[in-house]
Amino acid sequence: MTPAAPPAGTAGSLVGPGAGPLPVGPDREGFDEWAAEVRRLARERDAVLLAHNYQLPWIQDVADHVGDSLALSRLAARSDARTIVFCGVHFMAETAKILAPDRTVLVPDLEAGCSLADTVTAQGVRDWREGHPGGIVVAYVNTSAAVKAESDVCCTSSNAVEVVASLPEGPDVLFLPDMFLGQHVARSTGRHMDIWMGECHVHAGISPVQLRRRVAESPGAELLVHPECGCTTSALWLVGNGDLPPERTHVLSTAGMVDAAKRLGSGHALVATETGILHQLRRANPAATFEAVSDQAECRFMKMTTPEKLLRCLREGLYEVDVDEATARRARRAVEAMVAVGSPGGGE
Ligand code: SF4
């Protein structure tokens, strides 16, 4: 049966293949039919489907690959598919285009941006450089192609410490755009850096107060914390104070969290990042218990990619993301400089 053309809608009001509103949570009703049509259209378009760890469960479950932004982009560059459909946010699709310039890159919703990436512009980087001749700019992968093009080296949350530690002593350093990740790196390396005052509203919203309360409620649980979180400092402080055993507290990228989940056995983990990751963690280890430190930690941009928008994207080839060649070339240099330092591991 061919599904009806999907109307525009939101994550809460989906219309599926003749079955009325489709749930997008754990309820699977309508999933198989929808997924079969997605797969058929993807084959027709010679498309590889990539889904970030924070996407809705249905999107994660239909994708060819689920992971963090950089790992997905590198995977896309290695695949033979003519088209890359990136279910994530805009800067992630740009990164895929930078690494795979000869492919068509599509996103199901062009409005899916990122409040963290939006805190810094290419002009902002140029302004800093004017006051810091010879300075080095380190850009987290959560940045636009234009900002990457103005930067010297990129980093992920997995290798940010390694990248900064590899820089020559002497020149001024600007770390952007996430201040929590920047503080974590400055603390870990002892390097003085200018840190861009950007934050992700989702991660910054996970507060130290919530963290302390949740840890007190579950004293046996492992704690998995993304370094963009507002509670990272608090987690490390609790470790320093002896309130959290260091062996049970882990500051990890989303890919690092999935790896940690596989090693958890039938244990229990509290997770401080966007709640979409819980679906991947539970898939990686169904025997363990995973709970969000904050149920409110939901990225509205990530949830803009709905099942109906993915169908439309595949049917109509909407929406294409492009990066002009000059910008892509300079941005690629910054990404390659990061890879030369060592394994980039995972980003957000
Ligand atoms: S969770 Fe934050 S950093 Fe990630 S895409 Fe959403 S707004 Fe950006």
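Buried residues make up 53% of the 348 residues in the protein chain. That is a handy way into this structure, which is a predicted model.

**How far to trust the model**

Across the protein chain the average pLDDT is 88, and 91% of the residues score at least 70. One stretch deserves some care as you look around: over residues 1–24 the pLDDT stays under 50, and for this stretch the model has 51 contacts beyond four places in sequence.

**The chain as a whole**

If you take the principal axes as your guide, the C-alpha atoms of the protein chain fill a box of roughly 65 × 50 × 30 Å. The radius of gyration of the protein chain is 20 Å, which agrees with the value near 20 Å that a compact globule would have with 348 residues. Along the way you will meet 15 helices and 14 strands. Among the contacts with a separation of 6 or more, 65% come from residues 24 or more positions apart.

**Three domains**

The domain assignment splits the protein chain as follows.

| Domain | Residues |
|---|---|
| Domain 1 | 14–113 + 301–316 |
| Domain 2 | 117–198 + 325–341 |
| Domain 3 | 202–292 |

Notice that domain 1 and domain 2 are each written as two segments, while domain 3 is written as one.

**Where domain 1 touches domain 2**

The C-alpha centres of domain 1 and domain 2 lie 29 Å apart. Their contact takes 10 residues from domain 1 and 12 residues from domain 2. On the side of domain 1 that touches domain 2, the elements that give two or more residues are helix 3 (69–78) and helix 4 (90–99). Helix 4 gives the most to this side, with six residues. As for the character of this side of domain 1, its residues divide into five nonpolar, three polar and two charged.

**Around the ligand**

Which residues come nearest to the ligand? Of the 13 residues around the ligand, they are Cys114, Leu116, Cys200, Val202 and Cys299. By class, the shell around the ligand has eight nonpolar, three polar and two charged residues. If you want to see where the shell comes from, look at domain 1 (14–113 + 301–316) and domain 3 (202–292): the shell draws at least three residues from each of them.

**Putting it together**

A good tour of this predicted model could start from the domain 1 side of the contact with domain 2, where helix 4 gives six residues, and then move on to the ligand, with Cys114 and Cys299 among the residues that come nearest.

Notes. Residues are numbered from 1 along each chain as its sequence is written. This is a predicted model: local features need pLDDT of at least 70, side-chain atom pairs count only at pLDDT 80 or more; totals for chains, interfaces and linings use all residues. Domain bounds come from an automatic or database domain assignment. Two residues are in contact if their C-beta atoms, placed from the backbone, lie within 7 Å. Helices (H or I, at least four residues) and strands (E, at least two) are DSSP runs, numbered from the N terminus. Ala, Val, Leu, Ile, Met, Phe, Trp, Tyr, Cys and Pro count as nonpolar, Asp, Glu, Lys and Arg as charged, and the others, Gly among them, as polar. A residue is near a molecule or strand if its C-beta atom, placed from the backbone, lies within 6 Å of it. The radius of gyration is taken over C-alpha atoms; the globule rule is 2.2 Å times the number of residues to the power 0.38. A residue is buried if 20 or more other C-beta atoms lie within 10 Å of its own, exposed if 12 or fewer, and partly exposed in between; C-beta atoms are placed from the backbone. pLDDT is the predictor's confidence in each residue, from 0 to 100.
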